[in-house]
Amino acid sequence: MSETSVIGAGTVVSGHVRGQGSLEIFGTVEGDVSVTGNVVIGPAGRVRGNVNGAELRISGQVQGDLRGTLSVLLESGARVAGDISGPRVGIAPGALARGHVQTDGEPALAAARVPAAAARPFSAPGRVAPAPTPVAFPAAAKAPLPPPPKLAPAPPKPEPRKPEPAARVAPPAPQAEFSPVRPIKPEPRRPPPPVVPVLSKGTKAKKKKSHD
């Protein structure tokens, strides 16, 4: 069983770190790290250099390339600025990697091949090679064009509608003329007829004496 070395929090190592076994980094390493076992970088770990090991488990910050012979895993919160390579590479949500990521066994991109140019006859010194004879291709037979389609006759234009005569309005009935009202004059009152006394039978009327 391999031994595990620990670089505690608050510890700063300046220089390259190499050795047998595994290594856990919770402090700061300013240099390359190369071990035969596994490498664990905690959330507070800082490495400024390349990291090589069997299984790399990164939770902190690395400014350099990562190379794992078995696997490389970036956990949430990891920050890596460099290339990552290994048989298996995993990047958890929340991790940040700026660089090229490649797994072992990935086929290399083949360069596109440019087709070779057609061979040309070379002429002897002092002689000019004859120009290639152009090959004439038979002209394609022109097919007769179909007759143009007949256009349907345009529909007749509708006749404009004549305006209907306006309805005649009957003139208003003449109004009856009324004469002004004349005041009614009251008739003069006639004096009542004189009252004649009725005389009984046997009475004689007295004659009035006239005075001459």
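In the predicted model, S14 is bridged to E30, its partner in strand 5. The two strands concerned, strand 2 and strand 5 (residues 28–30), pair in the parallel sense, and three bridges join them. This pairing belongs to an open sheet of six strands, arranged in the order 2-5-8-10-12-15 with parallel pairing. Strand 2 (12–14) and strand 15 occupy the edges of the sheet; each has a single partner strand, so one side of each is left without a neighbour in the sheet.

The chain as a whole is built without helices: the assignment gives zero helices and 16 strands. Of the 212 residues in the protein chain, 17% are buried. The chain exposes about 19,200 Å², and carbon and sulfur atoms supply 59% of this area. Among contacts with a sequence separation of 6 or more, residues 24 or more positions apart account for 0%.

A second group of pairings centres on strand 11, which spans residues 66–74. Strand 9 and strand 11 run parallel and are joined by seven bridges. Within this group, V51 stands opposite L66 of strand 11. Strand 11 also runs parallel to strand 13 (residues 84–86), with two bridges between them. Here L66 has I84 of strand 13 as its bridge partner. A further parallel pairing, over three bridges, links strand 11 to strand 14. In that case L73 stands opposite G90, a residue of strand 14.

The residues V51 and L66 reappear in the interior of the model. The largest nonpolar core comprises 20 residues, and V51, I58 and L66 are those with the most contacts inside it. At least two residues of this core come from each of strand 4 (22–25), strand 6 (33–35), strand 7 (39–41), strand 9 (51–58) and strand 11. The surroundings of V51 can be listed in detail: when neighbours within four places in sequence are left aside, V51 is in contact with V33, V39, I41, L56, V62, D65, L66 and R67.

Strand 11 also contains S71. With a relative accessibility of 13%, S71 falls under the 20% limit and therefore counts as buried. Apart from neighbours within four places in sequence, S71 is in contact with A54, E55, L56, P87 and R88. L56 is thus listed among the contacts of S71 and also among those of V51.

A serine outside the strands is likewise buried. S59 is located in the loop between strand 9 and strand 10 (61–62). Its relative accessible area is 14%, and S59 is therefore classed as buried. The side chain of S59 makes a polar contact with the side chain of E75, at 2.7 Å. Beyond four places in sequence, the residues in contact with S59 are I41, G42, P43, E75, G77 and A78.

E75 also takes part in a charged pair. The structure holds one salt bridge. This salt bridge is formed by R57 and E75, whose closest N and O atoms are 2.4 Å apart. R57 lies in strand 9, whereas E75 lies in the loop between strand 11 and strand 12 (79–81), so the pair ties together parts that are 18 residues apart in sequence. The relative accessible area of R57 is 46%, a value between the limits of 20% and 50%, and R57 is therefore described as partly exposed. E75 accordingly has both a polar contact with the side chain of S59 and a salt bridge with R57.

The final site concerns G94, in the loop between strand 14 (89–91) and strand 15 (96–98). At 48% relative accessibility, G94 counts as partly exposed. G94 and G77 are 17 residues apart in sequence, while their C-alpha atoms are 5.6 Å apart in space. Not counting residues up to four places away in sequence, G94 touches S76, G77 and R79. G77 is therefore listed among the contacts of G94 and also among those of S59.

Notes
Residues numbered from 1 in each chain as written. Predicted model: local features only at pLDDT ≥ 70, side-chain atom pairs only at ≥ 80, totals over all residues. Heavy atoms only, no water. Helix = DSSP H or I, 4+ residues; strand = E, 2+ residues; numbered from the N terminus. Buried < 20%, exposed > 50% of the residue type's maximum accessible area, 1.4 Å probe, protein only. Contact = heavy atoms within 4.5 Å. Core = buried A, V, L, I, M, F, W, Y, C linked by side-chain atoms within 4.5 Å. Polar contact = N/O pair within 3.5 Å; in protein donor to acceptor, adjacent residues only side chain to side chain. Pairing = 2+ DSSP bridges. Salt bridge = Lys/Arg side-chain N within 4 Å of Asp/Glu carboxyl O. Areas by Shrake-Rupley, 256 points an atom, 1.4 Å probe, with all protein chains shown as cover.
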